[in-house]
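Trainee: I have the file open and would like to go through it with you. Can we start with the contact between chains?

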Amino acid sequence: MSEKKYSKKHEWVSIEGDIATVGITNHAANLLGDIVFVELPDKGKNVEKEGQAGVVESTKAASDVYTPVTGEITETNKSIVDDPAAVNKDPEGTSWFFKIKIKNKSELNELMNKTDYEKFAKENPN
Amino acid sequence: MDTQKTALYNYHKSLGAKFVPFAGYEMPVQYPSGIVEEHKATRSKVGLFDVSHMGQLLIEGNENLVIELEKIIPTDLKKIKLNQSKYSFLMNKEGGIYDDLIITKVEKGFSIILNAACKNNDLKIIKNALRSKFKLTLYDNLSLIALQGPKSSEILEKTIRGVSSLKFMNGNKFSYNGRDIYITRSGYTGEDGFEISIPNELVEDFAKRLVTQGVKPIGLGARDTLRLEAGLCLYGHDINESTSPIEANLKWAISKRRREEGGFAGYNKIKSDMNGSLTRLRIGVKPEGKIIAREGVKIFSKDNEEIGLVTSGTFGPSVNQPIAMGYVKLKFSKPGTKVLLEVRGKKHEANISELPFYKKNYVR
């Protein structure tokens, strides 16, 4: 069974063994509006917790996507690069951004569970 | 300074609008259905835009006013007919643009629609140029709404009889609930449409009536994607005090007589730009991939020479691809020229493109 956690930068992480799948939350997708461009990190790239690991753009503006955990990018979801609008349709499901090999599992403890994240998102709407 | 609200603020709020501060006003940027749907609804049916933040200026006067105004506005105000509108500029001495505007000949003189961010400064400039000889009124008791899209005429005719017979860039006085309103057939979307100047106390009732008939409320977000597809300039971005109308590829907006005779602020620059000293030109750019080049992105030639800058860029929902406008050195301005756009440190292939990106659909 995978475990799902959330970051203060509005990313979700689903953990299976030492691999984390990362995407942006429903809340973030809603806030961005119509997503028209996605840029993903290169496979094999090492990224640091809260470091930039992708870009999403709506008609209005560009925003960085951050990785909630440190590690190596093992896979990226090319389908959302071809069809960025898919991110708005299923941000927390099929429209994940990348998979990452977790370097330090203790970083996961700093992330929120669903209830805490929903509360956080309500209090920090932007 | 406190942010101001238009008379439709509460109505926008009731429709679930998201607001952004714009030129000192709290303006709706989008409604719950989102920018892309609002954009497409305007192209396929009809959308309603609150543009009450824009300046509505009346200058009262006759032949003498024409003489004075022609010194700062390069349109042929001698030839303009009653109720005819022209796109023009408020020019500075260096040939740059203080503001772009729509000027309409009305019974009392001229009515001018100004950009929200510029209107107070424009008023000072115009007052100064006219040396207090004419009465100027910048109305804060009037709202301005735009109805845009292929169904706008059919819809508006139900409420305002006779409006569908207006020709493009022409206006007239009409009446609503016993009050005078002024409507021009014009807009900023590349679609057929109208701009309606109406007293603040009537505007909510009027807007609700249109929305009940199926008109979709549209925010500033879609207003921007629509005008960019239509190749129209946004003041402060695509044109400003240091761009001449010739550089901005807006020569058509300077009347023929004025191009030949001059007699307006900045004419020396205009004249030399027209006579071979032009060095840069406003162009359209289409990236080859999905990358979006926004304002400030540098444009390079194929040989990596820096040749210009993007001034506006977004994703165009109707053309279904990223689009941008900007300035490049003249010799790279021909449509089809291959260029590179530097976005987040990487160069991406793109082509200089004809403007508009989206074919206009005006009724003439």
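Trainee: How many salt bridges are there between chain A and chain B?

Mentor: Three salt bridges are counted between chain A and chain B, a salt bridge being a side-chain nitrogen of Lys or Arg within 4 Å of a carboxyl oxygen of Asp or Glu. One of them pairs R294(B) with E57(A), with 2.8 Å between the closest N and O atoms. Before going on: this is a predicted model, where local features need pLDDT of at least 70, side-chain atom pairs count only at pLDDT 80 or more, and totals for chains, interfaces and linings use all residues. Residues are numbered from 1 along each chain as its sequence is written, chains are lettered from A and ligands numbered from 1 in the order in which they are written, and side-chain values use heavy atoms, with hydrogens and water left out.

Trainee: Which elements of chain A supply at least two residues to the side that touches chain B?

Mentor: Helix 1 (26–32), strand 4 (35–39), strand 6 (52–58) and helix 2 (79–82) of chain A each do. Helices (H or I, at least four residues) and strands (E, at least two) are DSSP runs, numbered from the N terminus. That side of chain A has eight nonpolar, three polar and five charged residues. In this classing, Ala, Val, Leu, Ile, Met, Phe, Trp, Tyr, Cys and Pro are nonpolar, Asp, Glu, Lys and Arg are charged, and the others, Gly among them, are polar.

Trainee: And how many residues does the contact take from each chain?

Mentor: Chain A gives 16 residues and chain B gives 14 residues, where contact means heavy atoms within 4.5 Å. About 1,300 Å² is buried between the two chains, 50% of it on carbon and sulfur atoms. Buried area is the accessible area (1.4 Å probe) that two parts lose on being put together, summed over both. There are also eleven residue pairs in polar contact between chain A and chain B, both residues at pLDDT 80 or more. A polar contact is a pair of N or O atoms within 3.5 Å; within protein, one must be able to donate a hydrogen and the other to accept it, and residues adjacent in sequence count only if both atoms are side-chain atoms.

Trainee: Switching to chain B alone. What does the domain assignment give?

Mentor: Domain 1 (1–230) and domain 2 (279–353) of chain B, with bounds from an automatic or database domain assignment. Their C-alpha centres lie 30 Å apart. Eight residues of domain 1 are in contact with eleven residues of domain 2 in chain B.

Trainee: What area is buried between those two domains of chain B?

Mentor: About 740 Å², of which carbon and sulfur atoms give 70%. The rule finds zero salt bridges across that interface, while five residue pairs are in polar contact, both at pLDDT 80 or more. On the domain 1 side, helix 2 (35–44) and helix 7 (220–229) of chain B are the elements that give two or more residues. The residues of that side divide into two nonpolar, two polar and four charged.

Trainee: Is helix 7 of chain B largely enclosed or open?

Mentor: Nine of its ten residues are buried, so helix 7 of chain B is largely enclosed by the rest of the structure. Buried means under 20% relative accessible area, exposed over 50%, and partly exposed in between (1.4 Å probe, protein chains only). Among the buried ones are R223(B), R227(B) and E229(B). G231(B) follows helix 7 of chain B and has a positive phi, near 75°.

Trainee: Which residues other than glycine have a positive phi?

Mentor: R131(B), with phi of about 45°, and R344(B), with phi near 45°, are two to look at. Most residues other than glycine have a negative phi, and most peptide bonds are trans. R131(B) lies in the loop between helix 4 (119–130) and strand 8 (135–138) of chain B. R344(B) is in the loop between strand 18 (338–343) and strand 19 of chain B, and R344(B) is partly exposed at 38% relative accessible area.

Trainee: Which peptide bond is cis?

Mentor: The one from L355(B) to P356(B) is cis, with omega near -5°. P356(B) sits in the segment after strand 19 (346–353) of chain B.

Trainee: Last one: is K78(B) buried or exposed?

Mentor: K78(B) is exposed, with a relative accessible area of 58%. Not counting residues up to four places away in sequence, K78(B) touches V66(B), E70(B) and R257(B).
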